[in-house]
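Dear colleague,

I am handing over the structure below, together with an account of what was found in it. Please read the notes with the model open beside them.

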Amino acid sequence: MPYISAILTAAGFGSRMNSPKPLLEWGDGTLIEHQIRALFAGGVSEVVVVLGHRADEISPRIFGTGARCVVNEQFADGRASSIRAGLSAISPDAEHALILGVDQPRTAEIVARVLKAHLSKDALITSPRIGGRGGHPLAFSIRLMPELMRISEQGQGLREVFERHRADINRVHIDDPMIRLDINTPEEYARARAMYERM
């Protein structure tokens with residue numbers, strides 16, 4: 001099995017939630033614990049959690065999960081800086097990278113389907129799709145590492161890599177609206193819990 005590193009970004013302010021997203025209740029624990037479990041159960045080899053805002057409060061939730069964390073001191077610069085920090089910390093054995101935000105709850109089944117589709121094609125980029133629209137998590141070949149390490153907020157983050165390799169994207173239809181779930185507000189959190197928390 002190829003070595004797959006998952007980068008879970010959890011560094012932002014979460015200003016619209018009025019509380020740290022990683023510590024939101026989800027299932028029998030917190031959102032960050034759920035995400036780490038789902039990533040490992042979905043088949044990744046390692047999980048690197050990128051912390052920033054209130055890292056001291058969040059990091060105890062990572063101990064004992066099998067994941068490790070890095071702190072992005074430049075987290076206020078935006079998510080691109082956190083992705084770069086995570087990529088800098090992955091294993092030298094990594095052959096592929098899976099990128100997901102802590103505010104994008106996913107099941108192990110979704111993670112596994114994206115990975116299977118990505119590995120079966122030895123794709124540069126794999127993007128889950130529903131209704132013609134892209135979702136998450138995204139999978140990247142480590143062959144793109146030099147480009148991924150140059151992403152910036154000014155260049156629209158991962159979008160700049162997508163644009164350069166649009167013809168090479170492995171688009172995988174997954175008939176589950178959860179692939180587009182993104183929690184930014186208390187209202188979105190309440191709806192997400194009602195629909196998906198036990199999944």
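In strand E9, Ser 141 is the bridge partner of His 96. Please keep in mind throughout that this is a predicted model. His 96 belongs to the pairing of strand E6, which covers residues 96–101, with E9, where the two strands run antiparallel and are joined by four bridges. Strand E7, residues 125–130, also runs antiparallel to E9 and is joined to it by two bridges, and here Thr 126 has Ala 139 as its bridge partner in E9. As for the faces of E9, both are covered, since Leu 138 and Phe 140 on one side are buried, as are Ala 139 and Ser 141 on the other.

Phe 140 brings in the aromatic pairs, of which a search of the whole structure finds two. In one of these, the ring centres of Phe 140 and Phe 162 are 6.2 Å apart and the planes stand at 75 degrees, so the pair counts as edge-to-face. With Phe 140 in strand E9 (residues 138–141) and Phe 162 in helix H6 (residues 158–164), the pair links distant parts of the chain, the two residues being 22 residues apart. Phe 140 and Phe 162 are both buried.

Helix H6 also holds Glu 163, which has a relative accessibility of 43% and therefore counts as partly exposed. Between Glu 163 and Ala 194 there are 35 Å in space, taken from C-alpha to C-alpha, and the two are 31 residues apart in sequence.

Ala 194 leads on to helix H7, so to speak, and to a question about its two sides. Which residues of helix H7 are buried, and which exposed residues does the face turned away from them carry? The buried residues of H7, a helix that spans residues 186–196, are Tyr 189, Ala 192 and Tyr 196. These three lie on the same side of H7, because they cover an arc of only 70 degrees around the axis. The face turned away from that buried side carries the exposed residues Glu 187, Arg 191, Ala 194 and Met 195. What the buried residues of H7 pack against is strand E2, residues 25–26.

Thr 185 is found in the loop between strand E10 (169–173) and H7. With a relative accessibility of 17%, Thr 185 falls under the 20% limit and so counts as buried. Once its neighbours within four places in sequence are left aside, Thr 185 is in contact with Arg 16 and Met 17.

The last residue to point out is Glu 46, which lies in strand E4, residues 46–51. Its relative accessibility is 8%, so Glu 46 counts as buried. What does the side chain of Glu 46 reach at 2.7 Å? At that distance the side chain of Glu 46 reaches the backbone nitrogen of Ser 91, while a polar contact of 2.6 Å joins the side chain of Glu 46 to that of Ser 5. Apart from neighbours within four places in sequence, the residues in contact with Glu 46 are Tyr 3, Ile 4, Ser 5, Ala 6, Phe 40, Arg 68, Ile 90 and Ser 91.

With kind regards

Key
Residues numbered from 1 in each chain as written. Predicted model: local features only at pLDDT ≥ 70, side-chain atom pairs only at ≥ 80, totals over all residues. Heavy atoms only, no water. Buried < 20%, exposed > 50% of the residue type's maximum accessible area, 1.4 Å probe, protein only. Arc of directions from axis to C-beta. Contact = heavy atoms within 4.5 Å. Phe/Tyr/Trp six-rings, centres within 6.5 Å; stacked < 30°, edge-to-face > 60°. Polar contact = N/O pair within 3.5 Å; in protein donor to acceptor, adjacent residues only side chain to side chain. Pairing = 2+ DSSP bridges.
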